[in-house]
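Thanks for coming, everyone. Have a look at the sequence and the model on the screen, and then I'll walk you through a few spots.

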Amino acid sequence: MRESVQAEVMMSFLVSEELSFRIPVELRYETSDPYAVRLTFHLPGDAPVTWAFGRELLIDGVGRPCGEGDVRVTPVEPDTLGEVLIRLQVGSDQALFRSSTAPLVAFLDRTDKLVPLGQEGSLADFDAHLDEALDRILAEQGAG
């Protein structure tokens, strides 16, 4: 049975040191992909953009700097749980978002109630979904 947890959080999109604006961001967690969270950013004038990355990265990033490569999450002030920065990068392009930690923690708490951290592999149909996804990717690569 496919279950999910959703929340909407307002984040600041930090365009530069002088310019930022608040945008709604949809957080989503699904039992069909139990290791990942999805953040959908609703930027003004653009189509929504969705990023998927490890739920554990978001959990760890609330309390300490985490991530390598395309996604990095770090608390603004290491000794407090006030705000967090989420940096998303593709090549030399990057986007930086600032969020209050409280709604992220509330969302992550709800995901943990649905699938406790460390129990993701116990979902019976996860391997089947992974096999299906890999078959689809390989078929697309073969056709392209």
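Let's start with one pair: the side chains of Arg98 and Glu83 meet in a salt bridge, 2.7 Å from N to O. By salt bridge I mean a side-chain nitrogen of Lys or Arg within 4 Å of a carboxyl oxygen of Asp or Glu. This pair links distant parts of the chain, with Arg98 in strand 7 and Glu83 in strand 6, 15 residues apart. Helices (H or I, at least four residues) and strands (E, at least two) are DSSP runs, numbered from the N terminus.

Quick housekeeping: this is a predicted model, where local features need pLDDT of at least 70 and side-chain atom pairs count only at pLDDT 80 or more, while totals for chains, interfaces and linings use all residues. Residues are numbered from 1 along each chain as its sequence is written, and side-chain values use heavy atoms, with hydrogens and water left out.

Back to our pair: are they buried or exposed? Arg98 counts as partly exposed because its relative accessibility is 28%, and Glu83 does too, at 34%. The cut-offs are under 20% relative accessible area for buried, over 50% for exposed, and partly exposed in between, with a 1.4 Å probe and protein chains only.

How many salt bridges does the structure hold? Five. Another one joins Glu30 and Arg28, with the closest N and O atoms 2.6 Å apart. Here Glu30 is buried, since its relative accessible area is 11%, whereas Arg28 is partly exposed at 22%.

Now zoom out to the sheet. It's an open sheet of seven strands in the order 4-3-2-1-7-6-5, with antiparallel pairing; pairing needs at least two DSSP bridges between two strands. At the edges sit strand 4 (49-54) and strand 5 (71-75), each pairing on one side only. On average, neighbouring strands are turned by 30° against each other, direction ignored. Helix 2 packs on this sheet, touching strands including strand 1 (4-14) and strand 7 (93-100), and its direction makes about 160° with that of strand 1. Contact means heavy atoms within 4.5 Å, and those angles, from 0 to 180 degrees, are between N-to-C directions of lines fitted to C-alpha atoms, for helices over the stretch in contact.

Last stop, Arg110, which you'll find in helix 2 (residues 101-114). Leaving out residues up to four places away in sequence, Arg110 touches Val5, Gln6 and Ala7. The C-alpha atoms of Arg110 and Gln6 are 9.0 Å apart, with their positions 104 residues apart along the chain.
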